[in-house]
Amino acid sequence: MGAWNLLLSGLVILLGLCGVLFPGMPGSWLVWAGVLWWALEDPRPLAWAVLVGATVVLLLSLAVRWALPPRPPRTDEATRRLTAYAGAGAFLGFVLVPVLGAIPGFMGGIYLAERLRLGGHGEAMTSLRTAMRSGGSRVLTELFACLLITGAWLGAVLAG
């Protein structure tokens, strides 16, 4: 696989990760499309195994998200800032404590954003619970699945 194709499929995956955090973009399907593009260009069995695994993970996350409450379509400034903090926390958690760190990182990002906005621990914890009940768990589920797929893709690229 050429370096340009690898770079472009990585950019599609990165765009998909950003798309998970912001409504209106099919983030998880962009991540899957980036892995599909890579697998079509790289005919090794490892590439196809990552694609099959990505498909299974996305279908499982879709089934879990159907069981969770829907995400309200809010786009005010506080929600965008909260989403950015949560996404950065999930990414840092995923890197610092491999795989499972994304969950406390996501919730820690929401807590930090609300602690800075509201000023107190009690108010931030209340806001964290409210955010997780009103759609945060759906976003976390989708983001965690996409981070798993991205990690598998990156591991396969570095291994090959």
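In this predicted model, the side chains of D42 and R44 come together in a salt bridge, with N and O 3.0 Å apart. The two partners sit in different surroundings: D42 is buried, at a relative accessible area of 10%, whereas R44 is partly exposed at 28% relative accessibility.

How many salt bridges does the count come to? The total is three, and here they are side by side.

| Salt bridge | N to O distance |
|---|---|
| D42 and R44 | 3.0 Å |
| R65 and E142 | 3.2 Å |
| E114 and R117 | 2.6 Å |

Let's look at the pair in the middle row. R65 and E142 form a salt bridge whose closest N and O atoms are 3.2 Å apart. This pair ties together distant parts of the chain, since R65 belongs to helix α3 (residues 45-67) and E142 to helix α6 (residues 121-159), 77 residues apart. Are these partners buried or exposed? R65 counts as buried because its relative accessibility is 9%, under the 20% cut-off. E142, at 13%, counts as buried too.

Now for the last row. Where do E114 and R117 lie? Both are in helix α5 (residues 102-118), three residues apart, which is about one turn of the helix. Their side chains meet in a salt bridge with an N to O distance of 2.6 Å. E114 is buried, with a relative accessibility of 3%. R117 has a relative accessible area of 43%, so it counts as partly exposed, a class that runs between 20% and 50%.

Conventions
Residues are numbered from 1 along each chain as its sequence is written. This is a predicted model: local features need pLDDT of at least 70, side-chain atom pairs count only at pLDDT 80 or more; totals for chains, interfaces and linings use all residues. Side-chain values use heavy atoms; hydrogens and water are left out. A salt bridge is a side-chain nitrogen of Lys or Arg within 4 Å of a carboxyl oxygen of Asp or Glu. Buried means under 20% relative accessible area, exposed over 50%, partly exposed in between (1.4 Å probe, protein chains only). Helices (H or I, at least four residues) and strands (E, at least two) are DSSP runs, numbered from the N terminus.
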